[in-house]
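The following questions and answers concern a predicted model. Please consult the sequence and the structure while reading them.

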Amino acid sequence: MERLSSQPPTYGNLITILSIDGGGIRGIIPGTILAYLESQLQELDGEDARLADYFDVIAGTSTGGLVTAMLTAPDENNRPIFAAKDIKPFYVENCPKFFHRKGESCNGSLNCCHGRGMFASHRNRLNLLAGPKYDGKYLHQVVREKLGETRLHQTLTNVVIPTFDIKTLQPTVFSTYEAKQYPFLNARLSDICISTSAAPTYLPAYHFNNNDNEGNVWEFNLIDGGVAANNPALVAISQITKEVFSGNSDFFPIKPIDYGRFLVISIGTGSAKAEQKYTVRKWRPNGVF
């Protein structure tokens with residue numbers, strides 16, 4: 001099967017975008033949906049078909065950024081290291097260890113990392129004051145093991161992964177388009193995934209350095225991309241629009257407002273339960289800070 005992503009977007013009638021939202025362990029939801037989508041494509045084009053073959057851009061933030069890397073990072077045969085059907089088992093196997101606090105017993109279930117007992121809620125609040133709930137060490141280890149030294153420019157199709165820099169207080173978008181123009185953004189996929197997954201209060205912010213083509217060192221101090229870009233589909237569309245404006249030959253003769261040529265599949269991770277625990281009076285009974 002010929003890889004569709006080897007062709008520029010104008011090879012077909014549409015610019016195809018796959019977008020995956022954040023949501024922590026709820027990444028199981030898009031993993032399940034993507035496995036079904038890929039299986040349907042395999043019925044048409046054979047068992048070697050992968051999602052990276054069909055999308056001009058795959059975008060994701062937070063856990064969606066991790067899924068994006070899994071779908072697009074190449075193995076030794078220049079095919080994706082993960083098939084879509086492997087994503088859900090990856091989460092089921094590893095998430096209990098991702099969200100596991102030092103000193104707690106872990107039985108491997110998805111609920112083992114949540115505090116229990118009559119003092120659990122008070123203990124959890126105190127832990128927030130001491131820093132993030134989880135140290136992220138196992139997450140960092142697994143991501144580095146799976147993605148190795150693969151860099152942004154090596155992905156099998158274009159990717160867009162937002163993060164937020166807490167030093168500059170500005171979004172930092174890692175995309176294959178930006179990396180071509182600004183080599184200092186051509187970071188390792190493992191560093192990008194750890195950064196975009198660093199949800200405040202849950203996982204620690206992530207620091208790394210990267211060199212540009214002249215050997216200059218660029219510093220990044222990053223957290224979860226959802227802080228700045230909770231909808232990666234819009235970030236991906238913005239990146240493509242910039243390429244059209246800049247005259248990228250891959251997009252000729254598409255016009256900047258020719259959005260009828262965009263086919264976007266945006267997959268969410270459900271909605272978190274709105275617990276609504278506090279009001280000002282509950283937190284400070286006299287209502288004054």
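Q: At what angle do helix α2 and helix α7 pack, and how far apart are their axes?
A: Helix α2 covers residues 63-72 and helix α7 covers residues 189-196. The angle between them is about 160 degrees, and their axes lie 7 Å apart.

Q: Are α2 and α7 roughly parallel or roughly antiparallel?
A: The two helices pack at an angle of about 160 degrees. Angles over 145 degrees count as roughly antiparallel, so α2 and α7 are roughly antiparallel.

Q: Which residues make the contact of α2 with α7, and how many of them are nonpolar, polar and charged?
A: From α2, the contact draws on Gly65, Leu66 and Ala69. Leu189, Cys193 and Thr196 are the residues of α7 that take part. By class, the residues of this contact are four nonpolar, two polar and no charged.

Q: Why is strand β3 largely enclosed by the rest of the structure?
A: Strand β3 consists of eight residues, 158-165. Its enclosure follows because the number of its residues that are buried is seven of the eight.

Q: In which sense does β3 pair with strand β2, and in which with strand β4?
A: With β2 (residues 57-60), β3 shares three bridges in the parallel sense; there, isoleucine 58 faces valine 159. With β4 (residues 170-175), β3 shares six bridges, and the sense is antiparallel.

Q: Which residues stand opposite aspartate 165 in β4 and in β6?
A: β3 and β4 form a hairpin with four residues between them, and β3 is also joined to β6 (residues 217-223) by two bridges. Opposite aspartate 165 stand, in β4, glutamine 170 and, in β6, leucine 222.

Conventions. Residues are numbered from 1 along each chain as its sequence is written. This is a predicted model: local features need pLDDT of at least 70, side-chain atom pairs count only at pLDDT 80 or more; totals for chains, interfaces and linings use all residues. Side-chain values use heavy atoms; hydrogens and water are left out. Buried means under 20% relative accessible area, exposed over 50%, partly exposed in between (1.4 Å probe, protein chains only). Two strands pair if DSSP finds at least two bridges between them. Axes are lines fitted to C-alpha atoms, for helices over the stretch in contact, and angles run from 0 to 180 degrees between N-to-C directions. Angles under 35 degrees count as roughly parallel, over 145 as roughly antiparallel, 65 to 115 as roughly perpendicular and the rest as oblique. Contact means heavy atoms within 4.5 Å. Ala, Val, Leu, Ile, Met, Phe, Trp, Tyr, Cys and Pro count as nonpolar, Asp, Glu, Lys and Arg as charged, and the others, Gly among them, as polar.
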